[in-house]
Amino acid sequence: MKAVLTGLMMATAALSASATTIDMMDARTGEPAGTVVIENSSYGLVFTPSLTGLQPGGHGFHVHENPSCESAVKNGDTVPAGAAGSHYDPQQTDNHGYPWSDDAHLGDLPLLYVNEEGDARHSVLAPRLTVEKVTGRALMVHEEGDNYSDEPAKLGGGGPRVLCGIIR
Ligand SMILES: [Cu+2]
């Protein structure tokens, strides 16, 4: 019994050791905007947001490919957090889809839910990811929602990037 308990405690310690806190910032101003904790589970990667000051409703939430939240110039326009690149897609699916689909960007996450007070507190699970797979990338929150499709708008229709954080 004691050995079983010790084993359980060690397993718990191993899981919590893999938790990583991502400092999020406003993509336009660079001001701190809260945190997202990521943690491995037996079923995938858990994202637990602690964010405030967002528009109520659903927001596109993705892992983007580059570890940068700098703005970038695209077609003559400045894009906040544009240096993060597009959705992390190591398998080159070139397809925006469901987080549990094999034929979608690996960085496609479940929608981030923001309550009427503008707070995001609900955890989401990405079954194909681990802390190790996303380290060295960027985490992004978009202004609009996400329909897990490239139709009618590319990349789920999330629009501008509002919050960004580097996953270290
Ligand atoms: Cu995105």
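## Walking through a seven-stranded sheet

Let's start with a single pair of residues: threonine 35 has serine 50, a residue of strand β3, as its bridge partner. Keep in mind as you look around that this is a predicted model. Valine 37 can be found in a similar way, because its bridge partner in β3 is threonine 48. These pairs take us into strand β2 (residues 32-41) and strand β3 (residues 44-51), which are joined in the antiparallel sense by 8 bridges. To get from β2 to β3, the chain passes through a hairpin of 2 residues. In general, the strands of a sheet pair through backbone hydrogen bonds, and they can do so in parallel or antiparallel fashion.

Now step back to the whole chain. The protein chain has 2 helices and 11 strands. Following the sequence from beginning to end, you meet them in the pattern α-β-β-β-β-β-β-β-β-β-α-β-β. Of its 168 residues, 32% count as buried. How much of the contact between residues with a separation of 6 or more comes from residues 24 or more positions apart? Such pairs account for 57% of those contacts.

How are the strands arranged side by side? An open sheet contains 7 strands in the order β5-β10-β11-β1-β2-β3-β9, and the pairing is antiparallel. At its edges are β5 (61-64) and β9, each of which pairs on one side only. Neighbouring strands in this sheet are turned against each other by 30 degrees on average, with direction ignored.

We can follow this sheet outward from β3 to one of its edges. Strand β9 (residues 124-126) runs antiparallel to β3, and 3 bridges join the two. Here valine 46 stands opposite leucine 125 of β9.

On the other side of the β2-β3 pair in the strand order, we come to β1 and β11. Strand β1 (residues 20-26) pairs with β11 in the antiparallel sense over 2 bridges. If you look for aspartate 26, you will see leucine 163 of β11 opposite. Strand β11 also pairs with strand β10 (residues 138-142): these two run antiparallel and are joined by 5 bridges. One pair to look for is leucine 139 with glycine 165 in β11.

Is β11 largely enclosed or open to the outside? Strand β11 covers residues 161-166, and 5 of these 6 residues are buried, so the strand is largely enclosed by the rest of the structure. When you look at side chains along a strand like this, it helps to know that in a regular strand they alternate between the two faces of the sheet.

Next, let's see which residues gather in the interior. The largest nonpolar core has 31 residues, and those touching the most other members are Ala138, Met140, Leu163 and Cys164. At least two residues of this core come from each of β2, β3, β5, β8 (112-114), β10 and β11. The biggest contribution is that of β10, with 4 residues. Methionine 140 makes a good place to zoom in: not counting residues up to four places away in sequence, it touches His62, His64, Ala81, Ala84, Arg161 and Cys164.

Loops can hold buried residues too, and leucine 54, in the loop between β3 and β4 (57-59), shows this. Why does leucine 54 count as buried? Leucine 54 has 22 other C-beta atoms within 10 Å, and the cut-off for a buried residue is 20 or more. Leaving aside neighbours within four places in sequence, leucine 54 is in contact with His59, Val114, Gly118 and Ala120. Leucine 54 and tyrosine 113 are 59 residues apart in sequence, yet their C-alpha atoms are 9.9 Å apart in space.

Finally, look at some backbone details. Most residues other than glycine have a negative phi, and most peptide bonds are trans. Asparagine 75, in the loop between β6 (72-74) and β7 (77-79), has a positive phi, near 50 degrees. With 5 other C-beta atoms within 10 Å, asparagine 75 is exposed. Leucine 155 also has a positive phi, near 55 degrees, and is located in the loop between β10 and β11. Leucine 155 is partly exposed, with 17 other C-beta atoms within 10 Å. Proline 152 has its place in the loop between β10 and β11 as well, and the peptide bond leading to proline 152 from glutamate 151 is cis, with omega near 0 degrees.

Conventions: Residues are numbered from 1 along each chain as its sequence is written. This is a predicted model: local features need pLDDT of at least 70, side-chain atom pairs count only at pLDDT 80 or more; totals for chains, interfaces and linings use all residues. A residue is buried if 20 or more other C-beta atoms lie within 10 Å of its own, exposed if 12 or fewer, and partly exposed in between; C-beta atoms are placed from the backbone. Axes are lines fitted to C-alpha atoms, for helices over the stretch in contact, and angles run from 0 to 180 degrees between N-to-C directions. Two residues are in contact if their C-beta atoms, placed from the backbone, lie within 7 Å. A nonpolar core is a set of buried Ala, Val, Leu, Ile, Met, Phe, Trp, Tyr and Cys residues joined through C-beta atoms within 7 Å.
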